Amino acid sequence: MNSHSHNGGLGQLLGSGPGALGRDPTDPEASHDPQPLHSPGLQVVVAKSEPAQPSPSSPRGQPQDEDKEEDKDEEDEAGRRGRSGKPLNAGHRLGHRRALFEKRKRLSDYALIFGMFGIVVMVTETELSWGVYTKESLYSFALKCLISFSTVILLGLVVLYHAREIQLFMVDNGADDWRIAMTCERVLLISLELVVCAVHPVPGHYRFTWTARLAFTYAPSEAEADVDVLLSIPMFLRLYLLGRVMLLHSKIFTDASSRSIGALNKVTFNTRFVMKTLMTICPGTVLLVFSISSWVVAAWTVRICERYHDKQEVTSNFLGAMWLISITFLSIGYGDMVPHTYCGKGVCLLTGIMGAGCTALVVAVVARKLELTKAEKHVHNFMMDTQLNKRVKNAAANVLRETWLIYKHTRLMKKPDHARVRKHQRKFLQAIHQLRSVKMEQRKLNDQANTLTDLAKTQSVMYDLVAELHAQHEDLETRLAALESRLDALAASLQALPDLVAQAIHPPPPPLPPRPGPGPPAPAAWSPSSWWPPATSSDCG
């Protein structure tokens, strides 16, 4: 299928009328004539880029016409599928989903670019309007118009980004109506994001009276401040777009195998998960970049908040503000610099909270870096075990030696030396105490080594245990089957036992002789005596 069928803009997402969302301003192919797919729900506009028209003498004119006809046939087929309501095949859905992923990632990149551009222009305009020109000048008006223009483009990109997300939701869940994806939570998040991105200094010069109380003298202070201060500081909230771009460009998020494994393990791939992986891979770099970035942003914010009431230019100076933020971030607080306004105090409070969290993370990272790896722990335990075995042998040898010396000086000597005996007895007790302490250290080392059991060894032991249990189970089943057959035979014998007992007690009567018939007499019955001749007198004599 032609790839142009997936590269169109979005048309009529939030309504049936024209201009609901418009075309994708970042899509270069959206400038051509789109052809909508007729479906009851979301109407996806498929734009086809027109190739350059060749000259009539060009030999490639005919293949390009054939390509046009093939693209038109594919679009007509897709339109017929949409009108007939038949679901698209899996290959078309996967290709459409991949195209939506790429469009969403590109829209997120463009949104970050325009958001950062607005922040840079805002900082430039604020610094130049304080010393180079005034707020009433034409340069300030031009820079504010540029900020407003970039903000409008940013809002459009945010709307298109969420439109792509709704399309992905429909493709993933096979939905036909985009209203299904518009839950209350999604609507609230989109509204909040639009409000955050819409805050910016508007063109014009507007002022208000800012009252504050000075830090050391507690004297009230009033100054005519620009409204741009209240509209410029919230623009730093646009930095949340950086986390979205990091998520969409992460290899873990873009890899299909990683996403499949995460789905099987019920792991959600979001910005929090990506930050956790970065803290696992390179924690020092992440903490360093976050700390320095937060210092710079907080110092500039304190400078802007304090410039109208700091007559001595202590905290309104950028280097002084950096010093105040650094000692607040590190929870030192010398007290030589104090903010005057509630705006500066709030920034310092947030900086202290972030500093406490970063300090805890630094301690955890350093502790994990100082911890031995599994291989190093195995080597360390082996070396300690070898040394402890040597110490046990030496202590046991000392016990035997002192025992022999005590026996020698008490039993084998004619005149025992009691001082020498007491000396060896003292050494004997010290050797026993040393042997016991070494044994205790060896026992502790073995307990620590048990927690470092290799996973493969544990798996092998468990496999052997399961195999043995399976063999015993099969043997038990065989014995139960043999016992069951014997019990069946015994039951059959017990059932036949009453009949056998009855036959033994009451034998059956003998059969009756047959009655003689009218025929010739039956021959005499055979007997053994008929075979012997009759006895004579000679035989008797």
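Reader: Is Y139 buried or exposed in this predicted model?

Author: Exposed: relative accessibility for Y139 is 62%. The general idea is a cut-off, with exposed meaning over 50% and buried meaning under 20%. Y133 falls on the other side, since its relative accessible area of 14% makes it buried.

Reader: How do the rings of Y133 and Y139 sit with respect to each other?

Author: They make a tilted aromatic pair, with 6.0 Å between centres and 35° between planes. That label follows from the angle, because planes under 30 degrees apart count as stacked and those over 60 as edge-to-face.

Reader: How many aromatic pairs are there by this rule?

Author: The count is 10. One of them joins W130 and Y308, with an edge-to-face geometry: the planes are 85° apart and the centres 5.5 Å.

Reader: Which parts of the chain does the W130 and Y308 pair tie together?

Author: W130 belongs to helix α2 (residues 90-131), while Y308 is in the loop between α10 (283-306) and α11 (318-329), so the contact bridges parts 178 residues apart in sequence. As for exposure, Y308 is buried at 9%, and W130 is partly exposed at 45%.

Reader: Which residues are linked with them into a cluster by ring pairs?

Author: F208 and W210 join W130 and Y308 in that cluster.

Reader: Rings can also face charges. Where does a charged end sit over a ring?

Author: Look at R186, whose charged end is over the ring of F169, 5.9 Å from the centre. K345 does likewise with Y342, at 5.3 Å from the ring centre.

Reader: Now the surface. Which residues form a nonpolar patch there?

Author: The patch is made of L476, L480, L483, L487, L490, L494, L497, V501 and I505, and together they have about 860 Å² of accessible area. I505 is part of helix α15 (residues 455-505), and its relative accessible area of 56% makes it exposed.

Reader: What should I keep in mind about spacing along a helix?

Author: An α-helix has 3.6 residues a turn, so residues three or four places apart point the same way. Try reading the patch numbering with that in mind.

Reader: And buried positions: which residues of helix α9 are buried?

Author: In α9 (residues 271-281), V274, T277 and M279 are buried.

Reader: What covers the buried residues of α9?

Author: The cover includes α6 (240-248), α7 (251-254), α10 and α12 (342-370).

Technical notes. Residues numbered from 1 in each chain as written. Predicted model: local features only at pLDDT ≥ 70, side-chain atom pairs only at ≥ 80, totals over all residues. Heavy atoms only, no water. Phe/Tyr/Trp six-rings, centres within 6.5 Å; stacked < 30°, edge-to-face > 60°. Helix = DSSP H or I, 4+ residues; strand = E, 2+ residues; numbered from the N terminus. Buried < 20%, exposed > 50% of the residue type's maximum accessible area, 1.4 Å probe, protein only. Lys NZ or Arg CZ within 6 Å of the ring centre and 35° of its normal. Patch = residues over 30% accessible without salt bridge, like charges linked within 9 Å, V, L, I, M, F, W, Y side chains within 5 Å. Areas by Shrake-Rupley, 256 points an atom, 1.4 Å probe, with all protein chains shown as cover. Salt bridge = Lys/Arg side-chain N within 4 Å of Asp/Glu carboxyl O. Contact = heavy atoms within 4.5 Å.
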